[in-house]
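Student: I should like to take a close look at a single part of this protein and then see how the interior around other parts is arranged. Please work from the structure shown here.

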Amino acid sequence: MTAELPKRYDPAALEASRYAAWEAAGHFAADENSDKKPFTIVLPPPNVTGSLHVGHALTAAVQDTLIRYKRMTGYEALWLPGTDHAGIATQMVVERDLERRGEPGREALGREAFLEKVWQWKATNGTRIQEQHRILGASLDWQRERFTLDEGFSSAVTEAFVRLYDEGLIYRAERLINWSPGLKTSLSDLEVEHKDAAGHLWHLAYPVSGSDERLVVATTRPETMLGDTAVAVHPSDERYAHLIGKTIDLPLTERKIPIIADAVLVNLEFGSGAVKVTPAHDFNDFQTGKRHDLPLINVLDEGAHVSLPGPYLGLHVDEARKAVVADLDALGLLVKVEDHAHSVGHCSRSGSVVEPRLSLQWFVSTKPLAAKAMDATRKGETQIVPQRFESTWYHWMENIQDWCISRQLWWGHRIPAWHAGDQVFVARSEAEALEKAKAAGFEPSELRRDEDVLDTWFSSGLWPMGTLGWPEKTPELEKFYPTDVLETGHDILFFWVARMMMLGIHFTGKAPFHTIFLHGMVRDAQGQKMSKSKENVIDPVEITNEYGADALRLGLLLMAAPGRDIKMNMQRIEGYRNFLTKVWNATRFAQTYLVDCQPSDWQAPSGATERWIRSRLAATQDTVKSAFAEYRLDEAGQAIYHFIWHELCDWYIELAKRPLRSDDELESAAARAALADALSGALRMLHPFCPFVTEELWAALPLFMRDAESLSKARFEVEVERDPAAESQIALAIEAVGLLRALRGQMGIKPREPLAVRLQVAEQDRLQHLDSAARLLVDLAAAESVETGLQSADKPRGWAVATGEGLTLLANLSGKVDVAAESERLQGDLDKNGQEIGKCKGKLGNQRFVARAPEAVVAEERRRLVEFERRDGELRSALNRLAELEA
């Protein structure tokens, strides 16, 4: 045995040193040469710029729990860490840092010098996330840590690009993309935040060429009319049938544009039935332009200023809007202006309004790749948990558009393409590009490297295989790929998960993971999304400082049903810290007796109580294994919690106190052995959820009980079996104790006041089980005597009756209760409780309250009503029992 555990559970004291010991001992290192079956998770790489928020803490808790469970059940478990270079975010952070320090900016430094500054910043500031993962207890294999811009991974990115290009799946074209005028780069959809804005809807009159007719179109972007190249009407709209094929004299320009028929763009039931078409500034219009072969006119430059010659040249989009509207109004072509609330895309990094912009970019042709990814999920090669997200998956993948992968940044994987004249040479190196250029008749001096870098999602789409050595056939790739579980938030199912599926299957022929396990978002206590602007972001390290990492992990895991969002509740985190205090105290209690524990104790004959706790442990182990198999970590955690709190601590430890202290060596040995099994099993099951405290308590068990020095390397299960007879016997006893305790509470009788008790059952074959119940009533419920027998209709005067499931308990309360005084007290409580019921019903019956009060307030009122109504039943039952005493 180790030294006696401290009296107080202090998570801060024990967590600080424990992780370093694990890491030094190499407990988290996976072995690619092992004969064990592999189980692999790659950590979704957090941005190198950031620090973990509570959503990341949930990811860490879920993945670490799965990995620790698999290690303990015999797998060679690899959890591979790493970080993402986060192109836009990192470049912005460093630019701001240079500005803050008064140093030359990016443009002044030039590309190479600026990139040196970024690498310096990473070396100084890029370790915060690793420190936080250690604080959370994440058992990552740190010796394998990767970075998306490290040399090996960068080679994988280059290889993937070249292969896709050679296969015709990467191409360069001028297409419409999301553009950030603030950063002057293209954006992915994930980097566009849509915000509701109060705007206007301008109705503009467009003159039909050579007539007095006008077509009225409505737009939220009147300045883009300078780039209109058609007006569309529905082919079935009889109002405009005679105009199809004619032209419009486009106001404020000297151009004529056609009136076209298009059933896709125009909704016959909406608006005027005429729609302006601006292919270079609207995604729907761009598709319309492709269908009708319309010209594309870029109205705005990279900074969202008008680029067309004329009176608006150089005006920012906001100024141009005002000027265009004023000029249209002066021409009598502004029909009306309406207030209009709509969603406007903003760059998540710079805050600028995102512009759909025609731009020359690099794209991946995604449909062939998406088809293979969908095949994998349809055939069951990869399952999505929860299954309800499959419909979202198929909707996205079936409607996928080609993927813009180029970014106008400096920090990132530079596109492996070189230009000479009007030709492009994609190559793995500059030397290879030079050879290709020479073969095409160009001089070396004519070759220039493409300025763009790749979208971060392109490189992170290679994460599962690139981190294991692809494109080389490494032992790690052979052992640990495909990985087993990709666990992440459901909000990036399309943006990241889909990319990994498409690229992984294309390059290896295998889906990169067997299971996509999606968790929900962590929201604040009111259910709102956490954001800096709302000042409701929660730092997980602050929670660990107050409650400990184990309590935070357990709280998040038990609140996180698959795919459902979590309302962060600090009271529940505190409650789980209190639960771990109970585990701590239970182990301290056990230490007193386990110090004398010997292997021979397991030879002592077990009584019903010992057989019961082992049976309940066996049942819990089965439940937990089944829950893990279904990725229901919340259900696994709840089962462990229930076993430890309600069966081990509330009942077995109380039941075992007398035999543990018994002078009968066989009786005390049997109790010690059962206590050792139950505590060992509890710590093993709890360890994946709460690694710090369980490791500390594991060391308090006798050496011969520990099959591994560290609990992280121990077996998950204790070898115990179900015993239905013992469970039935002790369940009856527990019910009897509960009935007597409840009766005391209702009648106002002190807990240790001696009472004579009779226990009765309806079936003859259950009589034998009453012996255990009788002993427990004496030990735990202060029964001075207990008679057992079959149920009878006779009830002596002064005896109270309590009934359970097939069990009747009678207690002699003669002289123990002042019936009149107790009746008066209970009636007073009943009246007060009834008043509260009336208040609750009054509020909930008020439709204005239900409609206008916050949802949480209404829910709390409903909860209070349920509680008051439950209390009403208890009080009435107690009054009836008092009346029966004198019957």
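In which strand does Thr483 lie, and what can be said about its surroundings and about the interior of the model?

Tutor: Please bear in mind throughout that this is a predicted model. Thr483 belongs to strand E22, which covers residues 483-489. The residue counts as buried because its relative accessibility is 0%, and the cut-off for buried is under 20%. A polar atom of the Thr483 side chain lies 2.6 Å from the backbone oxygen of Pro512. Pro512 also appears among the contacts of Thr483 once neighbours within four places in sequence are set aside; the others are Thr40, Val42, Pro464, Phe513 and His514.

Phe513 and His514 lead on to strand E23, which spans 513-519. Strand E23 and helix H21 each supply at least two residues to the lining of the largest cavity. That lining consists of Val62, Phe517, His519, Leu557, Ala560, Ala561, Pro562, Tyr631, Leu633 and Asp634. By class, eight of the lining residues are nonpolar, one is polar and one is charged. The space inside the largest cavity comes to about 70 Å³, and the structure holds two cavities of 30 Å³ or more.

The second largest cavity has a volume of about 30 Å³. Around the second largest cavity stand Leu43, Pro81, Gly82, Thr83, Ile129, Gln130, His133, Trp142 and Glu145. Strand E3 (82-83) and helix H6 (128-135) are the elements that give two or more residues to this lining, and H6 gives the most, with three residues. The lining of the second largest cavity divides into four nonpolar, four polar and one charged residues.

Next come the nonpolar cores. The largest has 144 residues, and Met568 and Leu777 have the most contacts inside it. Helix H21, made up of residues 633-660, gives the most to this core, with 15 residues. A second, separate core has 60 residues, including Ile415, Trp457, Trp463 and Trp496.

Met568 merits a closer look. Leaving aside neighbours within four places in sequence, its contacts include the nonpolar residues Val54, Val522, Ala525, Met530, Ile538, Ile543, Leu552, Leu556, Met559 and Ile573. Arg523 and Asp524 are also in contact with Met568, and both count as charged.

To return to the starting point, Thr483 is a buried residue of strand E22, with a side-chain polar atom 2.6 Å from the backbone oxygen of Pro512.

How values were computed. Residues numbered from 1 in each chain as written. Predicted model: local features only at pLDDT ≥ 70, side-chain atom pairs only at ≥ 80, totals over all residues. Heavy atoms only, no water. Helix = DSSP H or I, 4+ residues; strand = E, 2+ residues; numbered from the N terminus. Buried < 20%, exposed > 50% of the residue type's maximum accessible area, 1.4 Å probe, protein only. Polar contact = N/O pair within 3.5 Å; in protein donor to acceptor, adjacent residues only side chain to side chain. Contact = heavy atoms within 4.5 Å. Core = buried A, V, L, I, M, F, W, Y, C linked by side-chain atoms within 4.5 Å. 1 Å grid on protein atoms, 1.4 Å probe; cavity = no way out; pocket = protein on both sides within 12 Å on 5 of 7 lines; lining within 4 Å. Points joined across faces, edges and corners; volume = space filled by probe spheres on them.
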